[in-house]
Amino acid sequence: MHSKMDCVSRSPLFSPLAPAVKAKLITVTHHRKFYQKGQLIRQPLDHQEGMLILDEGTAKIYALAANGKEKIIELLRSGDVVGQHWLFAPHENQGFIQATSDAWVCSIQYDDFQRLLGESASLSLAMINNFGNQLIEAEKNQLRRDLLDAKARLMAYLRDCAVESGQIEFELPLKKELANILGITPETLSRQFKQLAAEGQIIVNKRQITIC
């Protein structure tokens, strides 16, 4: 059974908040809207302003280049939060968010959150800290692309997945799209997986990865 408090608490954005603040947040949160695999959760000009919490499932954020080619911006997993900035100013979404598995999404709308934000200093502080963490992560990803070779980029990404999952064995999300995320070709990605496995740094069993 879905717990609204557990849903809010799973988000890194809201987990540090006091229970009383979370209880207020729940009053403006819309819970458990279902999206089938492949269905768009958000798209440009859909007039959906607010933040999403991916309660269950996986999704991807992507943009379309002028030639129609898809550029993946971020992969989302259960507990991830997207669109924090949409809570602070009305903003027409320019990208796409698409469910890559059956997904259940919770959301908070801009107007509702603005009202709540004025009532909770703890919530304001949590939002600021989360933005800081996102800036650090963005800088780290850029350094990977600029300074590391393909194998090092992949290994750094896998270590981050292990840290995030809290264990050395985890399921790799959307392996076929990792090349796009890491800025390398699919052929290069395949070679680097094989090389890391041959060196004994990882064990690969389909989408299951173990850090050695």
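The following questions and answers concern the pockets, cores and aromatic pairs of a predicted model.

Local features need pLDDT of at least 70 and side-chain atom pairs pLDDT 80 or more, while totals for chains, interfaces and linings use all residues. Residues are numbered from 1 along each chain as its sequence is written, and side-chain values use heavy atoms, with hydrogens and water left out.

User: Which element gives the most to the lining of the second largest pocket?
Analyst: A pocket is an open set of points on a 1 Å grid over the protein atoms alone, where a 1.4 Å probe fits, with protein on both sides within 12 Å along at least five of seven lines; lining residues have an atom within 4 Å of a point. Strands (DSSP runs of E, at least two residues) and helices (H or I, at least four) are numbered from the N terminus. At least two lining residues come from each of β1 (29–35), β2 (40–42) and β8 (103–109). The top contributor, with five residues, is β1.

User: Which element supplies the largest share of the largest nonpolar core?
Analyst: A nonpolar core joins buried Ala, Val, Leu, Ile, Met, Phe, Trp, Tyr and Cys residues through side-chain atoms within 4.5 Å; buried means under 20% relative accessible area, exposed over 50% and partly exposed in between (1.4 Å probe, protein chains only). This core has 22 residues, and those touching the most other members include Tyr157, Leu158 and Phe170. Elements giving two or more residues are β5 (70–76), α5 (150–165), α6 (178–182), α7 (186–198) and β11 (208–211). The largest share, seven residues, is from α5.

User: Is Gln192 buried or exposed?
Analyst: Gln192 is found in helix α7. Beyond residues up to four places away in sequence, Gln192 touches Ala150, Lys151 and Leu154 (contact: heavy atoms within 4.5 Å). Because its relative accessibility is 12%, Gln192 counts as buried.

User: How many residues apart in sequence are the parts that Phe34 and Trp104 tie together?
Analyst: Rings of Phe, Tyr and Trp (its six-membered ring) pair if their centres lie within 6.5 Å; planes under 30 degrees apart are stacked, over 60 edge-to-face and the rest tilted. Phe34 and Trp104 form a tilted pair, 5.0 Å centre to centre with 50° between the planes. Phe34 lies in strand β1 and Trp104 in strand β8, so the separation of the parts they tie together is 70 residues.

User: What kind of pair do the rings of Tyr62 and Phe96 form?
Analyst: Both Tyr62 and Phe96 are buried. Their ring centres are 5.0 Å apart and their planes lie at 10°, so the pair is stacked.
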